[in-house]
Amino acid sequence: MRFAVFLFLALPLAAQHGQYVGGSKHPEIGNPQAIAAGSKLYATSCAGCHGPDGSGGRGPNLVRRSLWHPLNDENIFSAIRNGIPGADMPPTKLPDDQTWQLVAFLHALIGPASENTIPGDAAAGEQIFWGSKAGCSGCHAIAGKGGKMGPDLTNVGGSHPLALIKESVVEPSKDLTFLGNEGVTVTMRNGQVLKGVARNRDNYSMQVVDRKGDLHLISMMDVKELAIKDGSPMPGDYGKRLSATELRDLLAYLGHQVSRPQGISPQDKN
Amino acid sequence: MRTLLLTSLFCVCAAAQVRYEDIMKGPTENWLTYAGNYQGWRYSPLKNITVDNAGSLAPKWVYHVPNAKGLRTSPLVYKGVMYVTNSNSMYALDAVSGRLIWQYLDTRAKGQGVNRGSAILGDRVYFTSNDNYLTALDRQTGALIFSKNFADASKGISSTSAPLVVKDKVIVGSAGGDSGMRGFVAALSPTTGEEIWRTYTVPAKGEKGADSWGDLVEWGGGATWLSGTFDAETNTLYWTTGNPWPDFTGKARSGDNLYTCSLVALDLETGKWKWHFQFTPHDTHDWDAQSWPVLIDMEFRGKMRKVVLHANRNGFFYVLDRNTGEFLRATKLIDKVTWASGIDDKGVPVLIPGMDPSPDGKWVCPSVKGATNWMGQSYNPGTGLLYILTLEQCGMFNSSSQEPVPMKNFSGGGATEDGGQVILRAIDPKTAKRAWEYPMTGGGRMWTGTVSTASGVLFSGDDDGHLLALDAKTGKHLWHFNMGESLTASPITYEVGGKQYVAIASATAIFSFGLFEPMQSVPLPKITITK
């Protein structure tokens, strides 16, 4: 359910992602060997503060930061080379080629999942997504199939970094503002009770999608009581419910969900 | 009253599916297709807002569309939800409060061209991206169902018009005729986006009509910029076609340049050509056939005829038999037309020599914008009048001696215009006489359409950025509102909970208006936070 919040809040940012990823000209960007080399450099030079997967520690969460303040490759290069004056980020003495390898790795880490190598078995992940153990498709749809109450995942791999998708699955209630995707129980003045997700809620009107996917347009004149869930409506136990392999495969499946290839129309391939 | 309202406001049911038959009925409380109905009338049976009370119209809400500039979208409304588009994006709004329900943005689309609107069928809404992907979304949640490419953007084709849903087909057109491309109309599957048929508006080399061109025929243009109309009785689509390329020099394309600047009639099931009528053979002034064909039955020379009306950019207003394409009549749409002295009895322009663009420039009326353009005209069966925004304007047309190269943004010259006046005109299609006209102040920009109602109110925008309400019978001013921006879109009207609204896009926002009523105090509900 976490994805709801991302999609809702991050759509304009998704556009910036596209510009960012597409705008780079340096040959190391997207080069698997450079990314692998950058990964090693990251583990030794950066992971201590930014976390092994970029999720932060003493230093900021690089993946999440990229959503609200995306940097282009040159900016990242400059931050690594010169550090951030006034912050704990020190300058580095890495030569240009190694610095670009680090940039290539970070670019891969914070770009859309589908543009990077994704570990795991997507076919096995597909079974998990549509199966009853995880129950993802009870709330989420892909290409028009599945549940409608949760956010659509048809393009989740084309719009979100893998690390962020993982965080959304494992810790759906972390660091989120739910306005726009609150789980609500609405008691109307005529006694009707409605449960669902509020796509919008203000003091005068509310628009709620119920579990069946039906949209309800509500005037607050008609609402007697409103119960709001503190946290994501998505279960928070996927880290335990799924084995490490199952989780990896599910993420592989989600990471491959793309509505269309990056900037390519079918004819362009010919 | 609130309880009654509750029933209608409470649920937009998934079980309620938009059927072809619903669109066929034309506007009700809903507005389900770009031109209101398949006949292209932009006419609503709603009567809540009248000539007598229109003076108390007031704004109800505004929605600022992210990153919008020069919005051209015409909203759809179904069961209290409004669907509007911008470039590569769609937004679903609560039509009573204006609050955003969902948004969809295709971040991978190429180009940021304008978008004129959407289509609806079943539980889906459809729009096209600038780079020609038909996109189907769940109308209640905005979830993506498919996004399917139907034309190659790398060949100069883009997409700006609202798709037209008819029965089991989504009909799309093609934009981009001013830089060299080959126009078409295509029918796609609403289930998968797969192509069912495609009919080109310009022949391929060797095909019938290709001898009306030079070597560049396959880049000849004939874009289908706007949505078309449909006659259910004969299963016929009517579509207008754009100008030939290069726009302002005809030396590389001697001949009539079929089937540009034309009206074409196509069979819905197969796309097969039924007939065509060319308004401007060998156009050199960028006078596309733009505004959609309006279908009515009317008396003509003592006999009832099924006709198609078309107000053309070239300065003339045409009436054709819609079953055969027979030319019936053409009359001046604006006062000053200097390139042709009239239209002969076969429908061919009687040319005034020497009015082609030249290297030094040629002053011609109408200007390159045309006597009217793509903005929505409307027909009101109650008044029997057709409402058209017209532009009395002349302009300079220059030709270039450069060799035409497709896809290089070369239009064969250029055109400028100066001054001019926008005049909203009510025309009796039976006689072609003007019933009334409403002249406007402003800069001669002219881009707002019209909508009219059974209660005799006509809504349009003026050339200064006001939304207007006029008496549809007389043209008398009833109400205006300064939108604060240029208007480049057409208004619609809809009803929710027994109240009528009028909505229009300004350059950057969607506005909705209704009759003034004092606000009731809204009590805060009891709110609890649960685990």
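# Why is it called that? A tour of two chains

Guide: Chain A has a secondary structure of eleven helices and seven strands. The model is a predicted one.

Visitor: How many residues of chain A count as buried, as a percentage?

Guide: Of its 270 residues, 52% count as buried.

Visitor: What makes Arg248(A) partly exposed, and Asp249(A) buried?

Guide: Arg248(A) has a relative accessible area of 39%. Partly exposed runs between 20% and 50%, so the name fits. Asp249(A) is at 7%. Buried means under 20%, so Asp249(A) counts as buried.

Visitor: Why is the contact of Arg248(A) with Asp249(A) called a salt bridge?

Guide: The closest N and O atoms are 3.1 Å apart. The cut-off is 4 Å, so the pair qualifies. Over all chains, the structure holds 35 salt bridges.

Visitor: What about the two chains together? Which residues of chain A lose the most area to chain B?

Guide: Start with the interface. There, 56 residues of chain A are in contact with 52 residues of chain B. The two chains bury about 4700 Å² between them, 54% of it on carbon and sulfur atoms. In chain A, Leu217(A), Met221(A) and Arg260(A) lose the most area to chain B. Together they make up 17% of what that side buries.

Visitor: How many salt bridges cross the interface?

Guide: The rule finds six between chain A and chain B. Glu115(A) and Arg108(B) meet in a salt bridge, at 3.0 Å from N to O.

Visitor: How do you know that the charged end of Arg260(A) sits over the ring of Tyr133(B)?

Guide: The charged end of Arg260(A) is 3.5 Å from the ring centre. The distance limit is 6 Å, and a limit on the angle to the ring normal applies too. Another case is Arg72(B), which lies over the face of Trp447(B) at 5.9 Å from the ring centre.

Visitor: Why is the pair of Trp374(B) and Trp447(B) called stacked, while Tyr63(B) and Tyr91(B) are called tilted?

Guide: Look at the tyrosines, among the 33 aromatic pairs of the structure. Their ring centres are 6.0 Å apart and their planes stand at 50 degrees. Stacked needs under 30 degrees and edge-to-face over 60, so this pair is tilted. Tyr63(B) lies in strand β2 and Tyr91(B) in strand β5, so the pair ties together parts that are 28 residues apart in sequence. Tyr63(B) is buried at 12%. Tyr91(B) is buried too, at 4%.

Now the tryptophans. Their ring centres are 6.2 Å apart and their planes are at 20 degrees, so the pair is stacked. Both lie in loops of chain B, and the pair ties together parts 73 residues apart in sequence. Trp374(B) is buried, at 3%.

Visitor: What makes Cys365(B) and Cys394(B) a disulfide?

Guide: A disulfide is a covalent bond between the sulfur atoms of two cysteines. The sulfur atoms of Cys365(B) and Cys394(B) are 2.1 Å apart. The cut-off is 2.5 Å, so they count. The torsion about the S-S bond is about 95 degrees, so the disulfide is right-handed. Cys365(B) is in the loop between β27 and β28, and Cys394(B) is in strand β29, 29 residues apart. Cys365(B) is buried at 2%, and Cys394(B) is buried at 11%.

Visitor: How do you know that the sulfur of Cys46(A) is too far for a bond?

Guide: The closest cysteine sulfur, in Cys49(A), is 8.9 Å from the sulfur of Cys46(A). The limit is 2.5 Å, so there is no disulfide. For Cys261(B), the closest cysteine sulfur is 18 Å away, in Cys365(B), which is also too far for a bond. Over all chains, the search finds one disulfide.

Visitor: What makes Asp231(B) and Arg322(B) a salt bridge?

Guide: Their side chains meet at 2.7 Å, N to O. The limit is 4 Å, so the pair counts. Asp231(B) lies in strand β17 and Arg322(B) in the loop between β23 and β24, so the pair ties together parts 91 residues apart in sequence. Asp231(B) is buried at 7%, and Arg322(B) is buried at 7%. Shared partners join Asp231(B), Glu233(B), Asp297(B), Lys306(B) and Arg322(B) into one network of salt bridges.

Definitions and conventions: Residues are numbered from 1 along each chain as its sequence is written. Chains are lettered from A and ligands numbered from 1 in the order in which they are written. This is a predicted model: local features need pLDDT of at least 70, side-chain atom pairs count only at pLDDT 80 or more; totals for chains, interfaces and linings use all residues. Side-chain values use heavy atoms; hydrogens and water are left out. Rings of Phe, Tyr and Trp (its six-membered ring) pair if their centres lie within 6.5 Å; planes under 30 degrees apart count as stacked, over 60 as edge-to-face and the rest as tilted. Helices (H or I, at least four residues) and strands (E, at least two) are DSSP runs, numbered from the N terminus. Buried means under 20% relative accessible area, exposed over 50%, partly exposed in between (1.4 Å probe, protein chains only). A charge sits over a ring if NZ of Lys or CZ of Arg is within 6 Å of the ring centre and within 35 degrees of the ring normal. Contact means heavy atoms within 4.5 Å. Buried area is the accessible area (1.4 Å probe) that two parts lose on being put together, summed over both.
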